[in-house]
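I opened my notebook to look up two things in this structure, a charged area of the surface and one strand with its neighbours. My entries follow in the order in which I made them.

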Amino acid sequence: MENNPDVDLDPNKDDLPLRANTNHMLVRHYVLDLTVHFQRKVIGGSIVLFLEPGIGSYKQGEPGSVSKTEVQNISQVSSKHDASSPITPEPNEVMPPEEPSCLSGGNDVSNVFWGDESEEFTLVLDCCDLMVSKVEEVDVTTVPNLKKLDVDHRCANAVHPSSSLVQRMVSMPSACWRSQHELYLQCSRSPAVLNAHPLRFHMDRWSLQIRKKGVCSPHDFPSAVRVWFETKPTGGSVRWTKDQDGRCCVYTMGSPINNRALFPCQEPPVAMSTWQAFVRALCDYTVLMSGENQAFPKPVETGFLQWDYYVTMPMPASTFTIAVGQWLEAGVNVPNFEVKKTDETCVKVPSLSLDSADQQYVCSHMDYPCRFMLSAARAQTVIPHRLFAPPCHLPKAKDMVLPLLPLCLTAAHSVLGVHPFSRLDVLIVPSGFSSLGMASPHIVFLSQSVLTGERNLCGARLCHEIAHSWFGLAIGARDWTEEWISEGFATYLEDVFWSHVQKLGCREAEEQRQLKALLRWRRLSDELQNSEEELQVLRPNKENTGEVSESGASVVKHALNPEKPFMQVHYLKGYFLLKFLADQVGEEKFLHFFEVFVGKFHGQLILSQDFLQMLLDTFPAISSRGITLETIFSDWLDTPEMPEWLRDACSEWLQTPAVQEVREEVAKWIHFSGSGGKGSKRKRAGPKVNFKELSPEQLVLLLEFLLEEPKLSLSTLRLLQSTYNLQAQDAEVKHRWCELAVKHKHTAAYRDVKLFLIHDQAMGVYLYGELMVQEDARQQALARRCLSIIKDDMDQSARSLVEEMIL
């Protein structure tokens, strides 16, 4: 085992360790069998991991080299299941912890039995905030149907018969996904190996380490392992809270530590796996999950229902998502056709060409039942989708979100082609959710903040999250530090999709995008001035990006910095890089290139150079302008500075008609404020100014320009509020209005500030800082009062940041 000097990392300062030794051993499939206990605020049960030796597997301690090879294409992986529920001992209770001994371990295992100097092979899983009570080897040889796989004895291994059978099962082609999933299920039900001691295990802060006595090589290690565990109520991967109607619920956080506090797993992106999950919850709860099937609950015992989900597309364990609550369904929208998986496999077709009129897809990924090769999927503009919300938000969600979903899905399909996933659930999450949205396979979380105002914010956010189906999920970053590959692409594409939804003409669409570009430039400028430089770099590992240690372990730079989750530099700078590149080749060609790129790389993990080099190869003319891989790295990805192109483009965006219209309105407001609209005669007569109606994006810019004014009269602020009905606008507009009220100590609007901090927690974190920096006793009391009201329901990272500001 490698030495891990950073076991006691400071979670407020350090990088996040990825401990899993994926070069030695890979998890190819998970079977989770879990029960949700709301009274105790834990999720407990078992997980069975099906393993195969990795590309760097060798005896522990043997010299190795840094891996630069993608692990994802080692073998064929695909699986699917529609069978009955698993049978496990004591399904609702985790097996009690055993006393530490030389045969089983816990957090206090003695170094007499557990030490880094051991020559035994150690399976290292990413894990924290879990109570692991037992680890055992699963006896898959008791599964009759599995033995039939090896009827010709080609895989027979007298020394390790279980390993031979599991490897044969893992390598089944995607045409056999039903049989494969059924075998996974039967194996997960199998007992522990007879007369065998439990596997020895040890836990430190960030990992679960497992050994089998006398085993010194990954090839000799058990290929099916069952871990009995419980989450902790305070675990960082799950959020126990109440919905907006005061009813208990739990959902995964999408936090920097991802799913390692939900179940022991391999967190590095290269550990692509499939999964099945069987989740039991009380009868009045709905279990939503990242599974490609629409689960139908079935009774399993008094008062409980079981929900079964699965995925057949191998993805990083970090993409696994679950939400359990008393959600209500706002509506079902299923097209009159459905894409069913067939037994056809992904067939290789000739390489793509931008000049090809009849575009085909190439499947370069590992084997799985791929939608990109199905003609019915290619024609499916809208996938089946559902919307869930707590009762109090059901009417708003139904009116706002449900009509937009098919429009946004259609727009995405028109730009990028095949939907990578077969269905979509959208959930309005509790108010403490720390962002406007989060995308996972088959499920999107949306903040309640998108339900107010006009549909612009909601529609754009839906487009953003839907874009992640392609960039972030179907195509992921091989190094987590390259977040721009996910967020920059989604930000760029949200504008493209939203223009399609609005059916804007070319001129209108371009004006809207230039206005949004200006707003984003202002946001990026502010962020670059008020954050640490090291957090502003999109490729912090530079030439070492994608590299790992000989075991496969690595770290995620700055992932545990408390400010990082609230920064948007990877969204904004990544978006501007794509806008810059589109400016070089033309948007129409650029978007067509996106579709070709998706066709080539779907189902795979990439680094920045994979996208950029393919772009440079496709459009060689841009190299003559000095645009190379090296210049893009130095100007955009490896430096915190503002690229020169961005400074020049900003001056152009300021000249667009939509921005000029805002400038004219700003001048009217400044003149009104300076003319002293305070007298009683002025109040009775009302203002002699005609203010134009503005779009939500224009309103945001108007308020930002007015925030730059040193002084606005209170009568101006009152008129602003009534003219634009600011308290009823979307959250982006309300945020700027609250900033104005705080800056000018407009006490009549403090109620708006309070409501914003309570109901728009996804956006209000830094407003607490504004309230404190004024050093006004009333404002500081307001900040503390709001925190006291919502602190128990706040996202933990947001709460920590706010408490640091105001205490």
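**The negative patch**

I looked first for charge on the surface and found that Asp-583, Asp-635, Glu-644, Asp-648 and Glu-652 gather there in a patch of negative charge. A patch takes residues with over 30% relative accessible area and no salt bridge, and like charges are joined within 9 Å; a salt bridge would be a side-chain nitrogen of Lys or Arg within 4 Å of a carboxyl oxygen of Asp or Glu.

I noted that this is a predicted model, where local features need pLDDT of at least 70 and side-chain atom pairs count only at pLDDT 80 or more, while totals for chains, interfaces and linings use all residues. Residues are numbered from 1 along each chain as its sequence is written, and side-chain values use heavy atoms, with hydrogens and water left out.

Helix 13 (residues 644-653) gives the most to the negative patch, with three residues; helices are DSSP runs of H or I, at least four residues, and strands are runs of E, at least two. I placed Asp-635 in helix 12 (residues 629-637).

**Strand 8**

I then turned to strand 8 (residues 224-231), where eight of the eight residues are buried, meaning under 20% relative accessible area with a 1.4 Å probe. Ala-224, Arg-226, Trp-228 and Glu-230 point one way, and Val-225, Val-227, Phe-229 and Thr-231 the other.

Strand 3 (residues 42-53) runs antiparallel to strand 8 and is joined to it by seven bridges, with Gly-45 having Phe-229 as its bridge partner. Strand 5 (residues 130-137) is also antiparallel to strand 8, again with seven bridges, and there Glu-136 stands opposite Arg-226.

Notes. Patches are made of residues with over 30% relative accessible area and no salt bridge: like charges are joined within 9 Å, nonpolar side chains (Val, Leu, Ile, Met, Phe, Trp, Tyr) within 5 Å. Accessible areas come from the Shrake-Rupley method with a 1.4 Å probe; for residues, only the protein chains shown count as cover. Lys and Arg count as positive and Asp and Glu as negative; His and the chain ends are not counted. The place of a charge is taken as NZ of Lys, CZ of Arg, CG of Asp or CD of Glu. Buried means under 20% relative accessible area, exposed over 50%, partly exposed in between (1.4 Å probe, protein chains only). Two strands pair if DSSP finds at least two bridges between them.
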